[in-house]
Amino acid sequence: MEGLRVPGTLDALDAIADYVKRVAQSASLDDRAAYRLRLAVDEIATNVITHGYQEAGLQGDIQLQAELTPETLIIHMDDTGITYDPAQSVARSELFLTKDLDQRPIGGLGVFLAIQSVDRFIYQRHDGYNRNSFVIYRRSA
């Protein structure tokens with residue numbers, strides 16, 4: 001499937017959402033699965049832009065590439081921002097969830113919810129690139 005390259009700025013989030021909608025439709029995902037995928041990609045893309053580029057004083061692009069198999073739709077998101085493994089945030093979020101409400105910090109659950117929204121999430125760092133891969137099983141396939 002055709003990929004998408006956008007600048008790592010908040011203005012690119014609409015183009016990213018449109019790409020995810022388009023590939024989800026091509027994969028014949030049901031509305032619920034498409035929504036979950038879009039939520040996950042949007043949350044991680046927002047974190048890449050905000051923390052990986054802007055707060056780090058860096059500029060770069062975000063590259064998305066969809067991979068369609070008979071069983072899955074995978075969206076790979078590559079960036080050159082600072083090293084950031086979202087799975088580490090999930091572990092911290094799970095610890096916060098065990099605390100009383102008045103002892104929990106505000107926010108911080110977006111990445112947790114994003115990763116929980118997909119069937120499988122994979123993070124890799126290689127040759128200066130972060131790769132976040134979002135896997136949705138094609139139940140209707």
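1. In this model, which is predicted rather than determined by experiment, the accessible surface of the chain comes to about 8100 Å², and carbon and sulfur atoms account for 50% of that surface. When you turn from the surface to the interior, you will find that buried residues make up 40% of the 141 residues in the chain.

2. The secondary structure consists of four helices and five strands, and if you follow the chain along its sequence you meet these elements in the pattern β-α-α-β-β-α-α-β-β. As you trace the path, it is worth keeping in mind that, of the contacts in the chain with a separation of 6 or more, 63% are between residues 24 or more positions apart.

3. Strand β5, which covers residues 129-137, pairs with strand β3, residues 72-79, in the antiparallel sense, and eight bridges link the two. To locate this pairing in the structure, you may look for Leu 73, whose bridge partner in β5 is Ile 136.

4. Strand β5 also pairs with strand β4, which spans residues 120-126, and here the strands again run antiparallel, joined by seven bridges. A useful place to check this second pairing is Gln 124, which stands opposite Arg 131 in β5.

5. Strands β4 and β5 form a hairpin with two residues between the strands, and within this hairpin Asp 127 takes a positive phi near 50°. While examining these strands, a student may also recall that in a regular strand the side chains alternate between the two faces of the sheet.

Technical notes. Residues numbered from 1 in each chain as written. Predicted model: local features only at pLDDT ≥ 70, side-chain atom pairs only at ≥ 80, totals over all residues. Heavy atoms only, no water. Buried < 20%, exposed > 50% of the residue type's maximum accessible area, 1.4 Å probe, protein only. Contact = heavy atoms within 4.5 Å. Areas by Shrake-Rupley, 256 points an atom, 1.4 Å probe, with all protein chains shown as cover. Pairing = 2+ DSSP bridges.
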